[in-house]
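Student: I have a structure open in front of me. Could you take me through its features?

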Amino acid sequence: MAGDTIAREALNQWHFVIAAYAIGLGGCGALVAQSWLAMRRAERRRDAGRDRGKQGQAE
């Protein structure tokens with residue numbers, strides 16, 4: 001009988017797992033890069049402030 005067979009679609013969950021890891025690692029990498037750039041900008045501002053302070057004290 002044709003009605004006895006069950007039509008099933010087998011979804012491959014590994015595509016979703018790989019996509020989740022790619023999104024997670026990509027987001028983590030973007031966060032690290034953004035934090036590193038912000039740290040470099042803050043260090044430059046700090047160094048500029050120190051240089052201005054030394055120039056003001058020397059005069």
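Student: Is aspartate 47 buried or exposed?

Tutor: Aspartate 47 is partly exposed, because its relative accessible area is 34%; buried means under 20%, exposed over 50%, and partly exposed in between, with a 1.4 Å probe and protein chains only. Please note that this is a predicted model, in which local features need pLDDT of at least 70, side-chain atom pairs count only at pLDDT 80 or more, and totals for chains, interfaces and linings use all residues. Residues are numbered from 1 along each chain as its sequence is written, and side-chain values use heavy atoms, with hydrogens and water left out.

Student: Which residue forms a salt bridge with aspartate 47?

Tutor: The partner is arginine 46, and the closest N and O atoms are 3.3 Å apart. A salt bridge requires a side-chain nitrogen of Lys or Arg within 4 Å of a carboxyl oxygen of Asp or Glu. The count by this rule is 1 salt bridge.

Student: And arginine 46, buried or exposed?

Tutor: Arginine 46 is partly exposed, as its relative accessible area is 41%.

Student: New topic: what lies over the face of tryptophan 36?

Tutor: Arginine 40 does, at 4.9 Å from the ring centre. The criterion is NZ of Lys or CZ of Arg within 6 Å of the ring centre and within 35 degrees of the ring normal.

Student: Where does methionine 39 lie?

Tutor: Methionine 39 is in helix 1, residues 14-58; helices (H or I, at least four residues) and strands (E, at least two) are DSSP runs, numbered from the N terminus. Methionine 39 is partly exposed, with a relative accessible area of 41%.
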